[in-house]
Structures are given as C-alpha cells and as structure tokens.
Amino acid sequence: MNLYKLLEGLSYESSLPDMEITGVTCDNRQVEKGNLFVCMRGVRTDGHDYAEAAIKAGAAAVLAERDTGLPSQVLVEDTREAYAVLCANLFDNPQKKLKLIGVTGTNGKTTITYLMKHILEGCGCKVGLIGTIQNQIGDMTFPAKYTTPDPYILMTIFSRMVDAGAEYAVMETSSHGLDQKRVAGCHFAAGIFTNLTQDHLDYHGNMENYYQAKRSLFNQVDMAIINIDDAYGRRLASEVKAKTYTFSTSEDAANYTAKTIKSFATGSTFAFVGSGIISRVRIAMPGEFSVSNAMAAISCSLALGFPLEQVINAISSCSGVTGRFEVIKTPTDYTVIRDYAHTPDGLEKVLTAIKTFAPAKVITLFGCAGNRDRGKRKLMAEVVSRLSDFAILTSDNPRNEDPLQIIEDAKLGLFEHKTPYEIIPDRYEAIKWGLAHAAKDDILLLAGKGHEDYQVLNFGTIYFDEKVIVEKILGMK
C-alpha cells in the first residue's frame, strides 16, 4: 500500500515522496524491507530510540511523535492512536464492515460477550467474538493472548470475520487496551459498562485514571448500555452523550430492571421488566451478579432492535461460560466450582451467591497475582474470610514476585475474622488438600484461575488446568 493511502484519516507532517510500504510494525525486531516503523513509547522502552536501527534494518520510513533526526520520517501527535489507524487502513478497514459491540468494566466482560454472541446467533446473525478466554468466528476458535489485542492482530481478526461473513463482532475492551488506543479508529454500535472496582491500579495509579480509561470507550459508541447499580455506572450515565439505556437488579429508575430474582445451584430466574414489557427469564448461572450480566446482554440486544421473545429464548438456552461459576462434575458428595473471581468485588459476588444455596460449609481456595495491584491482596483475603467457612490461601500467578511475600501481603486480611484457614503456597497441593478435607454437601470454590490452563511462575509458564487437576487427584483420569 502507498504511504499516503496508509496515512488516510491522520493529521501528520511529512515531506516524503509517496512510496510503496510493505507492512507496518512497532517492533524493531520485526522490521522488514519497505516497512513503516512506528515509534511508540512503552513502560520500559521508547520506540523512538530504535528509529535509526529500524531504517538500517530496511524500514522505508518511521512514524514518530518527535523529530528523530532522520530524513525519512512522518510526524504525528500520538503514535499509538496513529498505529491503530494505520493497521485499519492496511487491512482495508474491516471494522467498518462489522457492527461492533464493546463490553468494558472490571467484572462480567467475558460472560456478557458470550451471552451476546449466543443471543445474536439465536436471532440468526453470524457473530465473531474477541475476549479473554479465546477468539471466535462462528464455531471456529483460536487462542487469545490479550483481552483486547494489539491493533495489527485486532484488524487481522476483524478481516477474517468479514471474510467469514460475520455481521457482528462482540469484544471485551480492557482498560489497558483503551488506554493504549488499541481500538482507536473503531466505532461501536453499542458499548456496555458493567462496573468498576479496585483492580489494575498497578497500571493506572488510581481509580480516577482507571475510570477515565473505561469511559473513553463511550466516545466511540452509538448507544451506551450502563449498569446503574454501580456508582461509577451512575456517574457514567450522567456524563455520556450517546443514546443511553440503563439496567439494574434493584433500581426502578433504570430502563430495564430485574424483579423477583431467585438463585439456585443450577442457575437463576428473574422477571425482566421495562416500560410496557415483562418477561420471565431463566439462565444457567446462579447469583445476582449473573442476573446483572444477563440484564446487560438482554438490554443491549433490545437496544439493537432484536425482538424480546427471541432474545429471551436465546439467552435461556445458553449453558454458561467456561471457568465462570463452572461446576466441575465429580463423583464426590460435595461440589467443586471454579471461577475467575480475582478481585475483592468479584470474590464478594461469587461467595454471596454461593451462600444463598450452600447446604453446608463453603471452602474457598484463592491466591493473589504477582506483579499486580498489591493493595487488593489484603482486601481479597478479608472478603474470603468473611464470607467463607474455611479459607485456603495459596498462589495464583506469582510471576517473578516471591509467592511467600504475596501470601504475607494477603494473609493480613484473614486475621480480621475468626474463620479458620490453611496456607499452602503450592497451588496443586492446596487443591489436593481442599479435596481431601471437603465433607458431604460442602462447596469447594477454586477462585482466581477460572478458564486459565496455565500458571505463571518465576521460571516460566506451566500447564495448570484446574478441571484436569481435580479429575486427576480424584482418580477420574
């Protein structure tokens, strides 16, 4: 593609003649002859420092925010935003050929994207999905490295969706992805906001920065679907300029409200109520937070113009999401559940839901991630201790932090209540201990890993699928 065709939609300064560009990259190690190298500032390195090396490696030109001293440069105000637009242009703007639905918030994103895909397919649409667990185009799945991919990967996926005949793309839009402008140049038919609770402060610094990152999605949407049970959701609803639809599990002031919520081990029922409409709903996921996720998906589907009866029939047939409040089938007389809850709010919601139907003790196995917000560790432990009958503190993904130090940070929260606990740093041994000590009718919650089939340790990543591990320990495999 010619340089100035690639730069369409951007404000830039350049005195270069038009030329053929063979590709775009922001990684100097991947520069090939004729590429445009984009200089981006990261947390640890600055791409501008590698501009000269990129030219020597064969790059035709560099795109920069400041003068690199090189004759073959194009200057823009924001190279992150420019990179996203360049990638879109390179792939002939596939995002404009899809109806995009973005889901953002601390918790619930994965479940809502899966529910949206299920509903849209139930209404006869071909749908692509981009998210934490995996990416999907119809029935085809492929791995996901990041919740919201790098712009080049994102446009590659969008292009494949278009080629496959997809009409909709449902995607999780993370705060990191939004802050790093990975979806710049994308316009969304609808954006869904779930909630905002403490997470990722190691990256954002404070809750206001975290909120502003999430809020930025709603500058790119036609319609906003917002949870007003959340304080940040109420703030967002008052600030957003797009057409807004609100939902709630308690507030009659919302456009759509859930009534007569009932939760069981196998799912939930509720009445979906709006102006002039009411419908009974059954979902295969227990807990009020699951009802809130369902409300988000139903509300968005109605805002998109799909008929209520079709939407309700579709969501009622969804069997749930891998690693989200997933009951692991075992031959035991107690129940094992795995869930991705890894924040204080996420743990509170899952445990509150379990306690509504738990016939005996609730045993919670959990850990805290390394190289992530240290401030939430004690808070997570306090929630587990308060809402469980027994706590098992172990490791999650310690990464290159000392697992024992992470446990030291977290265990302070266990001391705030008299709930008995065990500390077992090795997660495999912790699961083994939990399975051995659970009694009849107990519920053993494995929290934090959910769908993940790996554990990140200081020497690398190992295979660690908790469903497989449970089956192995119990002699099922």
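## Loops, salt bridges and spaces inside

With a relative accessibility of 32%, N371 counts as partly exposed, because that value falls between the 20% limit for buried and the 50% limit for exposed. The model described here is a predicted one, and N371 is a handy place to start. The residue sits in the loop that links β18 (362-366) to α13 (375-387). Its backbone has a twist worth a look: phi of N371 is near 55°, a positive value, and N371 is not a glycine. As a rule, most residues other than glycine have a negative phi.

K181 does something similar. Here phi is near 60°, again positive in a residue other than glycine. K181 belongs to the loop between α6 (175-179) and β10 (188-193), and its relative accessibility of 28% makes K181 partly exposed. The side chain of K181 has a partner as well: K181 and D78 form a salt bridge, with 2.6 Å from N to O. D78 lies in the loop between β4 (73-75) and α3 (79-90), and K181 lies in the loop between α6 and β10, so this pair ties together parts that are 103 residues apart in sequence. D78 is partly exposed too, because its relative accessible area is 22%, just as K181 is at 28%.

How many salt bridges turn up in a search of the whole structure? The answer is 29. Another of them joins K467 to E326, whose closest N and O atoms are 3.8 Å apart. K467 is part of helix α16 (residues 466-473) and E326 is part of strand β16 (residues 326-328), so here the parts being tied together are 141 residues apart in sequence. The two ends have different surroundings: K467 is partly exposed, with a relative accessible area of 31%, whereas E326 counts as buried at 14%.

Not every pair reaches across the sequence like that. The side chains of E382 and R386 meet in a salt bridge of 2.8 Å, N to O. E382 and R386 share helix α13 and sit 4 residues apart, which is about one turn of the helix. E382 is buried, with a relative accessible area of 15%, because the cut-off for buried is under 20%. R386 is partly exposed at 34%. Elsewhere, E208, R215, R235 and E239 are joined into one network by salt bridges that share partners.

The empty spaces come next. Rolling a probe the size of a water molecule over the atoms shows where such space is left. E326, already met as the partner of K467, shows up again here: E326 is one of the residues lining the second largest pocket. This pocket holds about 250 Å³ of space. The other residues of its lining are A265, T266, A284, M285, P286, S319, G320, V321, R324, F325 and V327. By class, the lining has 7 nonpolar, 3 polar and 2 charged residues.

As for cavities, 2 of 30 Å³ or more are counted. What lines the largest cavity? The list is H342, G367, C368, A369, K376, M380 and D396. The volume of this cavity is about 40 Å³, and its lining splits into 3 nonpolar, 2 polar and 2 charged residues. The second largest cavity has about 30 Å³ of space. Its lining is made of C368, T394, S395, D396, P398, P403, I406 and I407, with 5 nonpolar, 2 polar and 1 charged residues. C368 and D396 thus appear in the linings of both the largest cavity and the second largest one.

Back on the outside, there is a nonpolar patch on the surface. L412, F415, Y421 and I423 make up this patch, and together they have about 350 Å² of accessible area. F415 comes from the loop between α14 (403-411) and β20 (421-423). Is F415 buried or partly exposed? F415 counts as partly exposed, because its relative accessibility is 48% and the exposed class takes values over 50%.

Notes:
Residues numbered from 1 in each chain as written. Predicted model: local features only at pLDDT ≥ 70, side-chain atom pairs only at ≥ 80, totals over all residues. Heavy atoms only, no water. Patch = residues over 30% accessible without salt bridge, like charges linked within 9 Å, V, L, I, M, F, W, Y side chains within 5 Å. Areas by Shrake-Rupley, 256 points an atom, 1.4 Å probe, with all protein chains shown as cover. Salt bridge = Lys/Arg side-chain N within 4 Å of Asp/Glu carboxyl O. Helix = DSSP H or I, 4+ residues; strand = E, 2+ residues; numbered from the N terminus. Buried < 20%, exposed > 50% of the residue type's maximum accessible area, 1.4 Å probe, protein only. 1 Å grid on protein atoms, 1.4 Å probe; cavity = no way out; pocket = protein on both sides within 12 Å on 5 of 7 lines; lining within 4 Å. Points joined across faces, edges and corners; volume = space filled by probe spheres on them. Nonpolar A, V, L, I, M, F, W, Y, C, P; charged D, E, K, R; others polar.
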